[in-house]
Amino acid sequence: KVVHIGKELIKDDEHYLFVCNHLSMYDQITIIEEFQRRRVICVSRPANFRIPICGPFIYLAGFISIDREDNFEAVKAILKAAKYLKEDKCDICIAPEGTRSKDHKLHEFKPGSFKIAQKSGKPIAVIGVKNTDKISKTFPRRTKVIMKVIEVIPYERYKDLNTVELSEYCHGLIKNFLEEYE
């Protein structure tokens, strides 16, 4: 059961870079489900494309593979995501932590993730998710998941920030959200 807060901040006639924390494999699924009337493409690690059943599905859905170990390939993935946004093809969802949080804490963001927003000139929707890490543990019982669009940052507000400053600002917003819903 998803309790969504702030969805009204997302306008139908605009495309966004969705930035969220990363607790489990259900984070992006929750966002895609909550915004099912929109085309949301996630940036995901290459190993996810090799998962039986799931891998072919995310490939066909158009997910973008980002290899964090290969800088050249990572830049290509970032540019592809920015191009999709700039051309208004879809929304892009990325978890700037780069990997799931095994200790359930918010980790540092990779500033390069925010190049997508800078190159596309699109607004950033900062989204916090809570309790997605409990879904597997409580199945088949329902888990109360909280998804909040914390803030939408228009391009005009972040255009003069570098990726480190933008990363730190978004990290702070999600950190405050997680503390608020502890």
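**Glu-151**

I looked up Glu-151 and found it in strand E7, residues 145–153. Helices (H or I, at least four residues) and strands (E, at least two) are DSSP runs, numbered from the N terminus. The model is predicted, so I kept in mind that local features need pLDDT of at least 70, that side-chain atom pairs count only at pLDDT 80 or more, and that totals for chains, interfaces and linings use all residues. Residues are numbered from 1 along each chain as its sequence is written, and side-chain values use heavy atoms, with hydrogens and water left out.

Is Glu-151 buried or exposed? Glu-151 counts as buried, at 16% relative accessibility. I use buried for under 20% relative accessible area, exposed for over 50%, and partly exposed for what lies in between (1.4 Å probe, protein chains only).

I then checked the side chain of Glu-151 and noted a polar contact of 2.8 Å with the side chain of Tyr-169. A polar contact is a pair of N or O atoms within 3.5 Å; within protein, one must be able to donate a hydrogen and the other to accept it, and residues adjacent in sequence count only if both atoms are side-chain atoms. With neighbours within four places in sequence set aside, Glu-151 is in contact (heavy atoms within 4.5 Å) with Ile-124, Ala-125, Val-126, Arg-157, Tyr-169 and Leu-173. Tyr-169 therefore appears both in this contact list and as the polar partner of Glu-151, under the two cut-offs given above.

**Glu-156**

I went on to Glu-156, which sits in helix H6, residues 155–158. Glu-156 counts as exposed, with 58% relative accessibility. Its C-alpha is 9.4 Å from that of Lys-122, and the two residues are 34 apart in sequence.

**Thr-132 and Asn-131**

Next I took the loop between strand E6 (124–130) and helix H5 (135–138), where Thr-132 is found. Thr-132 has 1% relative accessibility and counts as buried. Which side chain does the side chain of Thr-132 meet in a polar contact? The partner is the side chain of Asp-27, at 2.3 Å. Asp-27 is also among the contacts of Thr-132 beyond four places in sequence; I list the others as Leu-23, Ser-24, Tyr-26, Thr-30 and Val-145.

Asn-131 is in the loop between E6 and H5 as well. I noted a positive phi of about 80° for Asn-131, although it is not a glycine. Asn-131 is buried, with a relative accessible area of 15%.

**Ile-53**

I looked up Ile-53 for its backbone: phi is positive, about 70°, and the residue is not a glycine. Ile-53 is found in the loop between strand E3 (40–44) and helix H2 (54–60). Ile-53 is exposed, with a relative accessible area of 76%.

**Helix H1: Ile-32 and Ile-29**

Ile-32 is in helix H1, residues 26–34. I found Ile-32 partly exposed, at a relative accessible area of 28%. Which residues does Ile-32 contact, leaving aside neighbours within four places in sequence? They are Val-40, Cys-42 and Phe-63. For Ile-32 and Cys-42 I also noted the C-alpha to C-alpha distance, 8.9 Å, with their positions 10 residues apart in sequence.

Ile-29 has its place in helix H1 too. Ile-29 counts as partly exposed, at 49% relative accessibility. I noted 16 Å from C-alpha to C-alpha for Ile-29 and Ser-65, which are 36 residues apart in sequence.

**Whole protein**

I ended with the overall figures. The protein has seven helices and seven strands, and from the N terminus on the elements run β-β-α-β-α-β-α-β-α-β-α-β-α-α.

Why do I call the radius of gyration in line with a compact globule? With 182 residues such a globule would have a radius near 16 Å, and the protein has 15 Å, which agrees. The radius is taken over C-alpha atoms, and the globule rule is 2.2 Å times the number of residues to the power 0.38. The C-alpha trace spans about 45 × 35 × 30 Å along its principal axes.

Of the 182 residues, 46% count as buried. Of the contacts with a separation of 6 or more, 67% are between residues 24 or more positions apart.
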